[in-house]
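Good morning, everyone, and thank you for making the time. Please have the sequence and the structure open while I talk, and stop me wherever something is unclear.

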Amino acid sequence: MSGYLGDLSSVQEKSLEELKELLSTEIITADEATLLRFLRARSFDAKAAYNQYTQTREWRINNDIDHILDQDRPLEKEVKKIVSCGFHKHDKFGRPCYIEHTGRMDIAALLKLPSDQFIAWHIWNNEKQIQRMTQLSKKFDRPIESMVHIHDTAGATMVLRKALNSFKRVAKLDQDYYPERMGKIFIVNTPWVFPVLWKIAKIFLDPKTRAKCVVLKSSELHKLGDYFNPEDLPEEFGGTCRCDNGCLPPIPKHMLEVKDNPQLTEQSIGAKKTFTYTVDCDSKKGDLSIAWYFKATSKDIQFGVKFKPKPHSGWKDDANEIDDIWVEDLEPILECETSITGFYAPPCPGICTLVWDNSNCKWLSRTIKYHVMVSEADSDSDEEIPTNGNKENS
Ligand SMILES: [Zn+2]
């Protein structure tokens, strides 16, 4: 049973009655669909749903959320200069859609926005979407309780990592006060750094939200057709919609030049040889991260990552010499010709070494194509630090 109105198991039915009972002493009215949303979010634990429901109501009253749409959207002008985003029609189920060019967001400018106002901007959007759900429910004559998002991540670089803390805050707010409002999150046109960013983002998304994410590379964009009628999807996402003033506001000009694909360097590794790429991680500003991307022509190649903390750098202050630590053990690669990506954020200054080992192969040399990128999370610059590393074929 789905746990939606008209599709309840006897246990779910009982939880709903229990929740109504808990609320019976309060002077509030909530329809069953709303109560079921809170119950679904709390796995039909009536007491937990009751707590979340009352906390949400208190939060709404204290922040006058019911009247937030009477005012203009906060940061309207500022956000236009930072990212192209907007509400756009609905999916096949009638769920209102929000589209954002997340990959071409000016992260440095975003981080300069007052955080309480950024949160208010997000809440305003949520309330607008709920208003649209009501309108669409009338239009389609059936209850529509959730929304969908399309996040176009084309152009995203590791710099996006700096914004993850802001995203984390809004994800927490949504989980607390907008239970079961997210229907699907389409993350499309994912760039090569995406697996790395996703690894970090997944940590703060609850399993239910994670399960709602559909990740599509640009070659898979046509799959959006399973969820949207062509006339409701902008052309750039494979639909046929051409709204009069553009489906979305334009992408800020200064964000258009961001390059998508890394320049790969080709490297041949002789039989019984090892190729290493060393990055000196001595950031004064802290929080360096190293991301790599490579393809290999053979599964004989083993890959690993080691890190050697600098003496007196906060790792082991009494030692003058610290041994390498394998942060990723040397292991055979599982697939050749598919891209392998990874990420490491050193805990202290030191030397990070990427190792491609062909020593198992006694006769043949092997080729890899790779790209390594270093970024500073606290840097004011939104450019990645160009890195040449120290290469060694031995
Ligand atoms: Zn349109």
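I will begin with the chain overall, then take a helix pair, a sheet with its helices, and finally some further strand pairings.

Please keep in mind throughout that what we are looking at is a predicted model. The protein chain has 394 residues, and 28% of them count as buried. Along its principal axes the C-alpha trace spans about 75 × 55 × 40 Å, and the chain contains nine helices and 14 strands. If we take the contacts whose separation is 6 or more, then 78% of those are between residues 24 or more positions apart.

Let me turn to the first part of the tour, helices α1 and α3. Helix α1 covers residues 10-23 and helix α3 covers residues 46-62, and their axes come within 9 Å of each other while crossing at roughly 45 degrees. With that angle, α1 is oblique to α3, and the crossing by which α1 passes α3 is right-handed. Which residues make the contact? From α1 they are S15, E18, L19, L22 and L23, and from α3 they are A46, A49 and Y50. Sorted by character, the residues of this contact comprise six that are nonpolar, one that is polar and one that is charged.

Next comes the sheet. Five strands form an open sheet, in the order β1-β2-β3-β4-β5, and the pairing in it is mixed. The edges are taken by β1, residues 85-90, and β5, residues 213-216; each has a single partner strand, so one side of each is left without a neighbour in the sheet. From one strand to the next, the twist averages 20 degrees. At the β5 end, strand β4, residues 182-188, runs parallel to β5 and is joined to it by four bridges, and if you would like one pair to locate on the screen, I185 has C213 of β5 as its bridge partner.

Helix α6, residues 115-140, packs on this sheet, where it touches β1, β2 (96-100) and β3 (147-152), and its direction makes about 145 degrees with that of β2.

Helix α6 also meets a second helix, α7, which covers residues 164-177; the two axes come within 11 Å and cross at roughly 45 degrees. That angle makes α6 oblique to α7, and this crossing, too, is right-handed. On the α6 side the contact is made by F118, I119 and H122, and on the α7 side by S166, R169, V170 and L173. Here the division is four nonpolar residues, two polar and one charged.

Finally, I would like to move further along the chain, to strand β9, which covers residues 302-309. How many bridges pair β9 with β10? There are five, and β9 and β10, the latter being residues 325-332, pair in the antiparallel sense. Strand β9 is also joined to strand β12, residues 350-357, by eight bridges, and these two strands likewise run antiparallel. A convenient residue for following both pairings is Q302, which stands opposite P332 in β10 and opposite D357 in β12. As a general reminder, strands of a sheet pair through backbone hydrogen bonds, either parallel or antiparallel.

That brings me to the end of the tour, and I am happy to go back to any part of it.

Note on methods:
Residues are numbered from 1 along each chain as its sequence is written. This is a predicted model: local features need pLDDT of at least 70, side-chain atom pairs count only at pLDDT 80 or more; totals for chains, interfaces and linings use all residues. Axes are lines fitted to C-alpha atoms, for helices over the stretch in contact, and angles run from 0 to 180 degrees between N-to-C directions. Angles under 35 degrees count as roughly parallel, over 145 as roughly antiparallel, 65 to 115 as roughly perpendicular and the rest as oblique. A crossing is left-handed if the near helix is turned anticlockwise from the far one by less than a right angle, and right-handed if clockwise. Two residues are in contact if their C-beta atoms, placed from the backbone, lie within 7 Å. Ala, Val, Leu, Ile, Met, Phe, Trp, Tyr, Cys and Pro count as nonpolar, Asp, Glu, Lys and Arg as charged, and the others, Gly among them, as polar. Two strands pair if DSSP finds at least two bridges between them. A residue is buried if 20 or more other C-beta atoms lie within 10 Å of its own, exposed if 12 or fewer, and partly exposed in between; C-beta atoms are placed from the backbone.
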